[in-house]
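Get your viewer ready and keep the selection box handy. Here is the model we will walk through, stop by stop.

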Amino acid sequence: MANGGPVEHGFPHLDTVRASITALYRRLSYETVRAFAASVAPADVAFGDMDDLHLGAQRVARELVRHFRLPDARLVVGFREMSHAANVELTAGPEYFVELNDRFRTHRRDIGAALAHEVTHVYLHRLDLAFPGTRDNEILTDTVTTYLGAGWLLLDAYREDAASSQKLGYLTPEEFGYVLAKRSLLFDEDPSVWFTSPQAYTAYGRGLARAREDARQPPLTAAGWAGRRRYAHDRRQARDHREGGARPGVAYAFTPEERGPLRVSFPCPTCQQRIRVPVRGRVRARCGLCRTVLECDT
C-alpha cells in the first residue's frame, strides 16, 4: 500500500499480468470465466461514514464472497496497525481471518478494495492456483481480482496529488487499467462510470490504449502499416535464411521450414495463450482456450 509515498507508474509487470490471465483461463473453464460477466456493483460494497465499522466490513466481505461464488466461506474481519493494506490467513476453511490496516477505520470507502484482494486470495487458494514467489503471486491475485469483476475497486482506491497519494495492490494504476480494459473488451463493459477517483480515469485510459494495441499486432489483420512491414521483413528472413524463433521487440515467432511448413506463433489478444498458424496468407484462427476468433494475414 502506497500511503503518501511515491506511486510506481507504467507497465513494469506486464509479462506477469499476461501470464496471470493465461493461467486463469487454463485453470477455469471458458464457461466459468464468462459467468463473471457482471462486476461487483458499487451499491453492494458502499460504506458510509455512519455505518458501523465491523458490521459494515462483514457485510462487504459477504458480498465479495458471494461474487466469487464461495458460499461456504466465512470471513472474520478485524483491524490492526501494520504496513500492508490487509492480510488473510489461508487455512482449510470455511472460516478465514482477515486483518485490515487501521487506516481503513477512517478511510472506509476503500474497505471494499482491500477486501476484494483478500477474498481473491481465498478464491485462488481453493483453486490451488499460485505463482512461485510472493511478488508474482500478488500480481496474479490483483490480476484475477480485476479480471473477474472486483478489481475496479482497487483502481478507484488510487488517488494522487501534489501533497498525498494512496494506491492499493501490487499492480501500477496503468496495469490495473490494462486488466480492466481486457475485461471491458471481453464483456462490453465500461467500468469508468463507477470511478470516484479522477486519477483512475486517466490510468484506465492508458491501460485501455495498451490493451487495444494487443489486437493490432501482426499477423492480425488489424495490424498497422509499420507492423505489417516489419512482419513481412521477418517472414522473408525466416523463409530465405531458415531463421526461426522470436525476434526482439515483437510477439510473433516463426518455426523454421526444416521442421515442416513455415508457421508463425503469436499471443491471443484475449487470453495471451500462444496460437500457431501456417504462413499462407489470410487465415482465420480460433483460440482453443478462450474461443476468440482471430482474423490473420500471415
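Helices and strands on this tour are DSSP runs, numbered from the N terminus: at least four residues of H or I make a helix, and at least two of E make a strand. Bear in mind as you click around that this is a predicted model.

**Stop 1: helix α7**

Select residues 173-187, which make up helix α7. From its first C-alpha to its last, this helix of 15 residues reaches 21 Å, close to the 21 Å expected at 1.5 Å a residue. How much of α7 is covered? Mostly covered is the verdict, with 13 of its 15 residues buried.

Now step off the end of the helix. Aspartate 188 follows α7, and its phi is positive, near 55°. For context, most residues other than glycine have a negative phi.

Go back to the other side of α7 and pick glycine 169, in the loop between β6 (165-167) and α7. Glycine 169 has a relative accessible area of 25%, so it counts as partly exposed. Leaving out residues up to four places away in sequence, glycine 169 touches Asp142 and Phe176. For a distance check, draw a line from the C-alpha of glycine 169 to that of leucine 100: the two are 69 residues apart along the chain and separated by 13 Å.

**Stop 2: α5 against α7**

Keep α7 on screen and add residues 134-147, helix α5. Two packed helices are described by the angle between their axes and the distance between the axes. Here α5 and α7 pack at about 35°, with axes 9 Å apart, and the crossing is right-handed. Show side chains for Asp142, Thr143, Thr146 and Tyr147 on the α5 side; they meet Phe176, Val179, Leu180, Lys182, Arg183 and Leu186 of α7. What sort of residues make up this contact? Five are nonpolar, two polar and three charged.

**Stop 3: α1 against α5**

Hide α7 if the view gets busy, and bring in helix α1, residues 14-27. This helix packs on α5 at about 65°, with the axes 9 Å apart. As α1 passes α5, the crossing is right-handed. On α1, pick out Thr16, Val17, Ser20, Ile21, Leu24 and Tyr25; on α5, the partners are Arg135, Asp136, Ile139, Leu140, Thr143, Val144 and Tyr147. The contact of α1 with α5 sorts into eight nonpolar, three polar and two charged residues.

**Stop 4: a three-stranded sheet**

Switch to cartoon and select β2 (74-80) and β3 (86-89), along with β4 (95-101). What is the strand order? It reads β2-β4-β3, in an open sheet with mixed pairing. β2 and β3 are the edge strands, each pairing on one side only. From one strand to the next, the twist averages 20°.

Zoom in on β2 and β4: they run parallel and are joined by seven bridges. Within this pair, glycine 78 stands opposite glutamate 99. Then turn on residues 111-127: helix α4 lies across β2, β3 and β4, at about 145° to β4.

**Stop 5: backbone oddities**

Most peptide bonds are trans. For an exception, zoom to the bond from proline 218 to proline 219, which is cis with omega near 10°. Proline 219 belongs to the loop between α8 (198-214) and α9 (225-241).

Two residues with positive phi are worth a look in the loops further along. Glutamine 272 is not a glycine, yet its phi is about 75°; look for it in the loop between β9 (263-267) and β10 (274-278). Arginine 291, likewise a residue other than glycine, has phi near 70° and sits in the loop between β11 (282-286) and β12 (293-297).

Buried or partly exposed: which label goes to glutamine 272? With a relative accessible area of 12%, glutamine 272 is buried, because the cut-off for that label is under 20%. Arginine 291, at 36%, counts as partly exposed.

**Last stop: alanine 253**

Finish in strand β8, residues 253-255, where you will find alanine 253. Its relative accessibility is 11%, so alanine 253 counts as buried. Pull up arginine 276 as well: its C-alpha is 9.1 Å from that of alanine 253, with the two 23 residues apart along the chain.

Notes:
Residues numbered from 1 in each chain as written. Predicted model: local features only at pLDDT ≥ 70, side-chain atom pairs only at ≥ 80, totals over all residues. Heavy atoms only, no water. Pairing = 2+ DSSP bridges. Axes fitted to C-alpha atoms, helices over the stretch in contact; angles between N-to-C directions. Contact = heavy atoms within 4.5 Å. Expected span 1.5 Å × (residues − 1). Buried < 20%, exposed > 50% of the residue type's maximum accessible area, 1.4 Å probe, protein only. Left-handed = near helix turned anticlockwise from the far one by under 90°. Nonpolar A, V, L, I, M, F, W, Y, C, P; charged D, E, K, R; others polar.
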